[in-house]
Amino acid sequence: MKKGQEFNSKTIYLSFDVEDWFQVENLRKLFPPETWEKHQSRVEENTIRILQLLRKWNVKSTFFILGWIAERYPKLVQQINQDGHEIASHGYGHIINYQLTREEIFQDIKKSKKILEEISGKEVIGYRAPNFSVTEDVIDALIDLGFFMIQVIIHFQLTKDMVN
């Protein structure tokens, strides 16, 4: 809750990964990156639908965008930005960071950040790792590249004393 915010007001925190159906990890063996250009993209149409809903309800969000997508759909990134949403990085090629060397991690994040900043005209300070594959090398790269926010999932179990 923010200072001055009424207790009965509603706050919603939304974020979206902007990646295409063939880029998800569980389909990697069927759709390796070198085949991505051959597949019908659905990301632009689906993201526009999301933007229309967010506009209708006056909701702002963070969009974690792959650099690969941004290169191919710069107008989509511009529209997300123009609608007042936060532009954040989801890396360039949606490769799990556990599979990359320290230098490859740095280059992947740097490339994505550069592309997104050139298109949006804004500094990109947020990052969500593909499949939440956060390592010490990822943290080091984010610090070196000037990121401020990293989206991670922390798994924990609620206990009775936590909810009372």
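Trainee: Which side chain of opposite charge is nearest to the buried Asp108?

Mentor: This is a predicted model, in which local features need pLDDT of at least 70, side-chain atom pairs count only at pLDDT 80 or more, and totals for chains, interfaces and linings use all residues. Residues are numbered from 1 along each chain as its sequence is written, and side-chain values use heavy atoms, with hydrogens and water left out. Asp108 is buried (under 20% relative accessible area, 1.4 Å probe, protein chains only) and has no salt bridge (a side-chain nitrogen of Lys or Arg within 4 Å of a carboxyl oxygen of Asp or Glu). The nearest side chain of opposite charge is 7.5 Å away and belongs to Lys111.

Trainee: Which backbone nitrogen lies 3.1 Å from a polar atom of the Asp108 side chain?

Mentor: Asp108 lies in helix H4, residues 102-120. Leaving aside neighbours within four places in sequence, Asp108 is in contact (heavy atoms within 4.5 Å) with Gly91, Tyr92 and Gly93. The backbone nitrogen at 3.1 Å is that of Tyr92.

Trainee: In strand S2, which residues point the other way from Thr62 and Phe64?

Mentor: In a regular strand the side chains alternate between the two faces of the sheet. Strand S2 covers residues 62-65, and all four named side chains are buried. Opposite Thr62 and Phe64 point Phe63 and Ile65.

Trainee: What is the bridge partner of Phe63 in S3?

Mentor: S2 pairs (at least two DSSP bridges) with strand S3, residues 86-89, in the parallel sense over 4 bridges. Within S3, the partner of Phe63 is Ile87.

Notes
Buried < 20%, exposed > 50% of the residue type's maximum accessible area, 1.4 Å probe, protein only. Lys, Arg positive; Asp, Glu negative; His and termini not counted. Polar contact = N/O pair within 3.5 Å; in protein donor to acceptor, adjacent residues only side chain to side chain.
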